[in-house]
Amino acid sequence: MRITTWNVNGIRNPFSYQPWSTARTFSAMFDILEADIVVMQELKIQRKDLRDDMVLLDGWDCYFSLPKHKKGYSGVGIYTRNATCCPIRAEEGLLGVLCPPASNTAYRDLPSASSIGGYPSLLDITDLGVDPVALDAEGRCVVLEFPAFVLFGIYSPANSNGLRDDFRFAFLSALDCRVRNLIRAGKRVIVTGDLNVSREEIDTASAIDDIKKAGMTHEEYVNTPNRRIFNQLLLGGDVVGERDAGREETVMWDVCRGFHEGRKGMYTHWEQKINARPGNYGSRIDYVLCSADMREWFQDSNIQEGLMGSDHCPVYAVLNDTITISASDASPRHVQLLDIMNPLGYFFEGKRRKDWSVKEIPAFSAKLLPEFDKRRSIKDMFTKKPVPKAIAGDPKPASQSESSQHETATFPGPQAAPATAHHVTDSADDGTPGPEAAPGSQVDIRKSSGKKRKSFETDPVQHVKRQKSGASSSTTSTSESAKGQQSLKGFFKPKSPAPTRPTDEPRLNDDHVTANPPATPSHESVQDELYSVALAQTIAASLASTASPRTPPPFSPPSTTNNPRSPSLSPATAAKSSWSSLFTKPRPPVCEGHSEPCKRMLTRKKGENQGRWFWMCARPLGPSGGKEKGTQWRCGTFVWCSDVGRNGEG
């Protein structure tokens, strides 16, 4: 059984990349990941944004914790494969202050048999120094309980330039307290997700430079508040000095690092703004952690840095099919994992004894939301066996005949159901019945009245609406309806009144007008085109003058008295070239290190240069994180756009 965690940076974001863009379905994505439990973070949606393809997945159940207030912010979701696992309880939030669906009682106040437990005490919540409801309502934690263990899906707050340090510290403190309480209660715990904290220098490419810039020592680096809490939770965590009160024991094991001790460059996140992924200049902040006594349950764990679709990569851990459970009062016993990953009675010795049912899933499941409950997916609608057709000549029961007559009396006319009228028209006028319709369809209801609707009874207006555009329909339209703006000159001169037509002159339709076009363009038409070309050239010249102090030439419409169709001037070609030069992007300069076109970037950092555009080397950032010379990575080219002309020259 495989558990995969992935910060997707938007729940639909991976579908823009291969291999996810081929099928563009979540079930296909999970099959490619070969996962049985998928923990996704940073969904960036709210409850109103949930769609059928996210919730009504065949063979999968799902649980979401979404932000209650902010849009496009955070969000955690856990998908479980029904064939291999089914939780017995599900909640959202770390503190248990939120309420289950259709209930006014908080999770922490429910009976012990209905809650997962391990909640921080009221005193612990007070010591956090933040609003407990706000901490749980940001969509950052989903908790599922299986008979084997309690699974946490976490998206920890990031370091937002120090603006939310208190909130971030409170979240990690609450997670530490909840995990320790559950383990003290005798439950096993697995924590997965984006914790937004690295353990030590080996987990961050920029750690050495950051330490030098800040003038810190190694002890000060690992002893920062958030990193200190995290290391005190882990086996082998680097903790300086005495441990904090209540955190004397290490209770969790870093699964991925445990299988790859000392491995450098094992990063799970890369900054997109500086294109750091190709050079693997990143950090490891996505984890799969397990209780210390579960170390032997896992057979493999790794990162999947080759899978694109986000600024993070998936991290997975694989559990053994057979695990050993040790108890203090009994000898160790071997158990099939499927037996303890589902409610009691679903599996026995690894074989299914009871089918999965939506009636027995936790109330927090997204399938039980009012907008999705008791609904079927589109696939189920097409795979359901069709109702057999009635045998010809078989008399209907009296109750069915009465029902048909009642439906006929209240059935809307052809104006409300044009599709039915169109189907009835397929019958011949001589009384020969058309193709047999499916039972219960609109045609059968009409036929039950004993009357046959003839084709001449249908509303002719509806037939006109169904007709395709052709020669017959064009005769009914007027030439005035197709008339539009003919030239740019029309914007600068008043509209001339339409000429009056003699009453005895026959009116030509559109077919006559288009069938006999004039052999040569009129003098007025040519002048209009040349006028628009000259105006476009003048606008382009005036815009180009902003880059230089030269005075634009005065605008003068070209003369057309001598030769309006001169071979040296093609109005269409001149207009195209004028407008193309007007909207063409400036040519980028080449970088100094590789002689390649630079890319344009915008300064977003607050200061005097905020909002200014600049050119820089388009190559990705190298492993060193700095600008390099004579390598394949980014060089030190930097030029302000205001210092470069439109032709790319300084």
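**Salt bridges, cores and backbone geometry**

Lys 354 comes out as partly exposed, since its relative accessibility is 35%. That value, like everything else here, is computed from a predicted model. The partner of Lys 354 is Glu 360, and their side chains form a salt bridge with an N to O distance of 2.7 Å. Glu 360 also falls into the partly exposed class, this time at 38% relative accessibility. With a cut-off for buried of under 20% and for exposed of over 50%, Lys 354 at 35% lands in between, and so does Glu 360 at 38%.

Across the whole structure, the search turns up 22 salt bridges. Some of them share partners, and in this way Asp 176, Arg 180, Arg 228, Asp 244 and Arg 247 are joined into one network.

Another pair is Lys 187 with Glu 145, whose side chains meet in a salt bridge at 3.1 Å from N to O. This one reaches across distant parts of the chain: Lys 187 sits in the loop that runs between helix 6 (165-184) and strand 8 (189-194), while Glu 145 belongs to strand 6 (residues 141-145), and the two are 42 residues apart. As for exposure, Glu 145 is buried, given its relative accessible area of 7%, whereas Lys 187 counts as partly exposed at 26% relative accessibility.

Asp 203 and Arg 284 make a further salt bridge, with 2.9 Å between N and O. Asp 203 is found in the loop between strand 8 and helix 7 (207-214), and Arg 284 in the loop between strand 11 (282-283) and strand 12 (286-291), so this contact ties together parts of the chain that are 81 residues apart in sequence. Here both partners, Asp 203 and Arg 284, are buried.

Turning to the nonpolar interior, the largest core holds 47 residues, and the members that touch the most others are Ile 37, Phe 149, Ile 190, Trp 297 and Met 341. Strand 14 (residues 315-319) supplies the largest share of this core, namely three residues. Take Ile 37 as an example: leaving aside residues up to four places away in sequence, Ile 37 is in contact with Arg 2, Ile 3, Thr 4, Ile 78, Tyr 79, Cys 85, Phe 146, Leu 151 and Met 341. A second core lies apart from the largest one and has 30 residues, including Leu 128, Val 143, Phe 171 and Val 179.

Next comes helix packing. Two packed helices are described by the angle between their axes and the distance between the axes. For helix 6 and helix 9 (residues 225-233), the angle is about 10° and the axes are 9 Å apart. That angle makes helix 6 roughly parallel to helix 9. On the helix 6 side, the contact is made by Arg 168, Phe 169, Leu 172, Ser 173, Asp 176, Val 179 and Arg 180, and on the helix 9 side by Pro 225, Asn 226, Ile 229, Gln 232 and Leu 233. Some names here have come up already: Asp 176 and Arg 180 are also part of the salt-bridge network, and Val 179 is among the residues of the 30-residue core.

On the sheet side, three strands make up an open sheet in the order 19-20-21, with antiparallel pairing. Strand 19 (599-602) and strand 21 (638-640) are the edge strands, each pairing on one side only. From one strand to the next, the twist averages 35°. Four bridges hold the antiparallel pairing of strand 19 with strand 20 (residues 613-616), and Lys 599 stands opposite Met 616 of strand 20.

A few backbone oddities round things off. Most residues other than glycine have a negative phi, and most peptide bonds are trans. The bond from Gln 18 to Pro 19, however, is cis, with omega near 5°. Pro 19 is in the loop between strand 1 (2-7) and helix 1 (20-23). Glu 34 is not a glycine, yet its phi is positive at about 55°. Glu 34 is placed in the loop between helix 2 (26-33) and strand 2 (37-41), and it counts as exposed at 55% relative accessibility. Lys 44, another residue that is not a glycine, has a positive phi of about 60°. The loop between strand 2 and helix 3 (52-55) is where Lys 44 lies, and its relative accessible area of 34% makes Lys 44 partly exposed.

Conventions
Residues are numbered from 1 along each chain as its sequence is written. This is a predicted model: local features need pLDDT of at least 70, side-chain atom pairs count only at pLDDT 80 or more; totals for chains, interfaces and linings use all residues. Side-chain values use heavy atoms; hydrogens and water are left out. Two strands pair if DSSP finds at least two bridges between them. Axes are lines fitted to C-alpha atoms, for helices over the stretch in contact, and angles run from 0 to 180 degrees between N-to-C directions. A nonpolar core is a set of buried Ala, Val, Leu, Ile, Met, Phe, Trp, Tyr and Cys residues joined through side-chain atoms within 4.5 Å. Buried means under 20% relative accessible area, exposed over 50%, partly exposed in between (1.4 Å probe, protein chains only). Contact means heavy atoms within 4.5 Å. A salt bridge is a side-chain nitrogen of Lys or Arg within 4 Å of a carboxyl oxygen of Asp or Glu. Angles under 35 degrees count as roughly parallel, over 145 as roughly antiparallel, 65 to 115 as roughly perpendicular and the rest as oblique.
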